[in-house]
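Welcome, and please open the model in your viewer with the sequence panel alongside. We will go from one selection to the next, with a short stop at each.

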Amino acid sequence: MSKDIVNQRFINCINFLIESKKVPSKSFLAKTFNISNPKFSEILNNIINVGVDILMILVSEFNISSEWLLTGQGECLKMLPHQNQYCKNLMLVQRDTRLH
């Protein structure tokens with residue numbers, strides 16, 4: 001398992017939370033994760049990898065599956081099937097844009 005893959009799944013989850021309006025902004029998430037906006041931006045831009053402490057908050061506060069986040073197995077969200085399809089579609093779109 002690569003840290004880059006876990007980081008990408010984290011970024012996908014953040015994009016999902018913002019695009020689906022589950023959270024108001026990236027600044028809100030940075031405060032929730034107890035990190036500065038610049039540090040959060042570095043994580044989202046793949047400059048640094050996300051830490052376990054932030055992953056734990058994402059899982060506990062936003063109903064994200066730790067299994068999916070760490071291994072890619074299972075569903076992105078716990079017990080929300082229609083939102084899981086959204087996560088899968090988002091992953092496919094982001095994978096396609098990286099291939100081109």
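Where is the place of Ser65? Select Ser65 and you will find this residue in the loop between α4 and α5. Keep in mind as you look around that this is a predicted model.

**Stop 1: Ser65**

Is Ser65 buried or exposed? Its relative accessibility is 10%, and buried means under 20%, so Ser65 counts as buried. Now show the side chain of Ser65: it reaches the backbone nitrogen of Glu67 at 3.3 Å. Next, select Glu75, Cys76, Leu77 and Lys78, which Ser65 touches when residues up to four places away in sequence are not counted.

**Stop 2: the whole chain**

Zoom out and switch to a cartoon view. The protein has six helices and zero strands, so from the N terminus on you can follow the elements as α-α-α-α-α-α. Of its 100 residues, 38% count as buried. If you take the contacts between residues at least 6 apart in sequence, 52% of them join residues at least 24 apart.

**Stop 3: helix α4**

Select residues 52–62, which make up helix α4. Which of its residues are buried? Colour Ile54, Leu55, Leu58, Val59 and Phe62, the buried residues of this helix. Turn the view to look down the axis of α4: these buried residues fall within an arc of 135°, so they line one face of the helix.

Now give a second colour to Val52, Asp53, Met56, Ser60 and Glu61. These exposed residues sit on the face of α4 turned away from its buried side. To see what covers the buried residues of α4, bring up other helices, including α1 (3–19), α2 (26–32), α3 (37–44) and α5 (66–71). Before you leave, click on Asn63 just after α4, where phi is positive at about 65°.

**Stop 4: helix α3**

Move on to α3 and select Phe40, Ile43 and Leu44, its buried residues. They cover an arc of only 95° around the axis, which puts them on the same side of α3. Show α1, α2 and α4 as well, since the buried residues of α3 pack against these helices.

Both ends of α3 deserve a click. At the N-terminal end, Ser36 acts as a cap, with a side-chain oxygen 3.2 Å from the backbone nitrogen of Lys39. Following α3 comes Asn46, with a positive phi near 60°.

**Stop 5: the largest pocket**

Turn on a surface and look for the largest pocket, which holds about 180 Å³ of space. Which elements give two or more residues to its lining? They are α1 and α4, and α1 gives the most, with three residues.

Eleven residues line this pocket, and Lys3, Val6, Val50, Val52 and Leu55 lie nearest its centre. You have already coloured two of them: Val52 among the exposed residues of α4 and Leu55 among its buried ones. By type, the lining divides into six nonpolar residues, four polar and one charged.

**Stop 6: Ile5**

For the last stop, select Ile5 in helix α1. With 42% relative accessibility, Ile5 counts as partly exposed. Finish by drawing a distance from the C-alpha of Ile5 to that of Asn49: these residues are 44 apart in sequence and 9.9 Å apart in space.

Methods:
Residues numbered from 1 in each chain as written. Predicted model: local features only at pLDDT ≥ 70, side-chain atom pairs only at ≥ 80, totals over all residues. Heavy atoms only, no water. Buried < 20%, exposed > 50% of the residue type's maximum accessible area, 1.4 Å probe, protein only. Helix = DSSP H or I, 4+ residues; strand = E, 2+ residues; numbered from the N terminus. Arc of directions from axis to C-beta. Contact = heavy atoms within 4.5 Å. 1 Å grid on protein atoms, 1.4 Å probe; cavity = no way out; pocket = protein on both sides within 12 Å on 5 of 7 lines; lining within 4 Å. Points joined across faces, edges and corners; volume = space filled by probe spheres on them. Nonpolar A, V, L, I, M, F, W, Y, C, P; charged D, E, K, R; others polar. Polar contact = N/O pair within 3.5 Å; in protein donor to acceptor, adjacent residues only side chain to side chain.
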